[in-house]
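I opened a new page for this structure and set out to look up a few things in turn. My notes follow in the order in which I made them.

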Amino acid sequence: MSEEKEKAEAIPEDERTTALDRRSFLRKAGVAGVAAAAASTVSAPVIWAQGKSYQWKMVTTWPPEMPVLQTGAQRFAKRVEELSQGRMKIQVYAGGELVPPLGTFDAVSQGTVECGSGASYYWAGKCPAGQWFSAVPFGFNPQGINTWFYSGGGLQLWEEAYAPFNVVPRPQGNTGVQMGGWFRKKIESVDDFKGLKMRIPGLGGKVIAKAGGTVVLLAGGEIYTSLERGVIDATEWVGPLHDLRMGFYQATKYYYYPGWHEPGTTLEVIFNKKAYDELPADLKALLDTVAAETNLWSLCEFESQNGEALETLVTKHGVELLRFPDSVLNDFRKLSEEVLAEEAAKDPMCKKVHEAFLAFRAKLGKWGTVSEKAYYDTIAERIAEKKSS
Ligand code: CA
């Protein structure tokens, strides 16, 4: 029996692989590595027992310190570091700090950085099938889309859509139902969208284009100035919490609801596939778990803070809260069906995702009619009774 093997067998079995891996790693690492490892062995024996550590970079599409979006990405990194006991550290860069905001997907795909945070509709030009996983006009609400991801095969399809780009997606947040947007003039009918320049991403943007509008894709940090200077006539962003912070009420007072185009938008964390695949199984599971945890946390933050922010916009800043006329919503609904059919015809993956989306929506709808819908109808009846009494 070799000396090394004898020593290995003196180590408890669950620690043995790590110890042997460590020795083989030290041999490969050379003299400098051995010296560094020896120093860390003395000062931090716990880390020695846990094996290799990882330093990653994350780039995002979000403006610095943007609540829930950028702070959610930072929270993700912090949780990963805490729960891995320091084995994995992720340095987070806001949009533009390391790469342009909308360069996030490319940076992760090419391995310039190991991970990123954004939303899949930002990359529609590269991966049109990805759009279904962020937001579909008149599509899933947060409960519906999360059900699709975690229990309906949606996440596997999303992985398949991103695989050609060497990118692994995970849901990392959900905005809840968004607001319809800020308009410099009032909206009376769908004709008011003819010639209107609006910042609106994703499939919703394609509906606006079909209605005769001009769609502009701008990252968060560029929107306010464009609206204020009249470069665009309208914009949507997220909901009251974020729109208040962006200061849109200083450029216009007309604030429309509901966010028909984004009824429960998923935010994503994306990993470079090679970097992700090289991780040990426990760290992969840790990333997946923290992503799911952040997904839930994010939705709860939006839901808990939006109502108060809306109150501030209306009472303190004199914002006029307006519902889109029924005729506009009905027209958008019809146009959305056309847009979805056209997008689905773009490539086989779009077709596959769209068909899966339709099938799952029908399945959820059947149950939802006797659960969610029946419940909300009951509440609505109660509210109506209260008003009339
Ligand atoms: Ca939005």
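**Calcium site**

I started with the calcium ion, which is coordinated by Gln178 (OE1), Glu236 (OE), Glu236 (OE), Trp237 (O) and Glu262 (OE), at 2.1 to 2.9 Å. I note here that the model is a predicted one.

Along the chain, I read the spacing of the calcium donors as Q-x57-E-W-x24-E. I then looked up where two of these donors sit: Glu236 is in the loop between strand E8 (234–235) and helix H10 (240–246), and Glu262 is in the loop between strand E9 (254–257) and strand E10 (266–272), so the pair ties together parts that are 26 residues apart in sequence.

Are Glu236 and Glu262 buried or exposed? I found that both Glu236 and Glu262 are buried.

**Cavities**

I searched for enclosed space next and found three cavities of 30 Å³ or more. For the largest cavity, I noted a volume of about 70 Å³.

Which residues lie nearest the centre of the largest cavity? I listed Trp62, Tyr121, Tyr122, Trp237 and Val238, out of a lining of 13 residues. Trp237 was already in my notes as a donor to the calcium ion through its O atom. Sorted by class, the lining of the largest cavity comes to eight nonpolar, three polar and two charged residues.

**Tyr122 and the aromatic pairs**

I followed Tyr122 further, and placed it in the loop between strand E3 (115–118) and helix H6. At 9% relative accessibility, I count Tyr122 as buried, because the cut-off is under 20%. From Tyr122 to Gly103, I noted 9.6 Å in space, C-alpha to C-alpha, and 19 residues in sequence.

How many aromatic pairs does a search of the whole structure find? I recorded 30 aromatic pairs. One I looked up is that of Tyr122 and Trp123: the ring centres are 5.9 Å apart and the planes are at 70°, so I entered the pair as edge-to-face. Trp123 is buried too, with a relative accessible area of 3%.

**Largest pocket**

I turned to the open spaces, where the largest pocket holds about 1200 Å³. Its lining has 27 residues, and I noted Gly139, Phe140, Asn141, Glu372 and Tyr376 as the closest to the centre.

Which elements give two or more residues to the lining of the largest pocket? I wrote down helix H6 (142–151), helix H13 (326–344), helix H14 (348–370) and helix H15 (372–388). H14 gives the most to this lining, with six residues. By class, I divided the pocket lining into 10 nonpolar, 11 polar and six charged residues.

**Cysteines**

My last search was for disulfides, and I found zero in the structure. Cys350 is in no disulfide, and the nearest cysteine sulfur, that of Cys127, is 7.3 Å away. For a disulfide I would need two cysteine sulfur atoms within 2.5 Å.

I also checked accessibility. Cys350 counts as buried, at 0% relative accessibility. Cys300 is partly exposed, with a relative accessible area of 42%.

Note on methods
Residues numbered from 1 in each chain as written. Predicted model: local features only at pLDDT ≥ 70, side-chain atom pairs only at ≥ 80, totals over all residues. Heavy atoms only, no water. Donors = N, O, S within 2.8 Å, 3.2 Å for Na, K, Ca; no water. Helix = DSSP H or I, 4+ residues; strand = E, 2+ residues; numbered from the N terminus. Buried < 20%, exposed > 50% of the residue type's maximum accessible area, 1.4 Å probe, protein only. 1 Å grid on protein atoms, 1.4 Å probe; cavity = no way out; pocket = protein on both sides within 12 Å on 5 of 7 lines; lining within 4 Å. Points joined across faces, edges and corners; volume = space filled by probe spheres on them. Nonpolar A, V, L, I, M, F, W, Y, C, P; charged D, E, K, R; others polar. Phe/Tyr/Trp six-rings, centres within 6.5 Å; stacked < 30°, edge-to-face > 60°.
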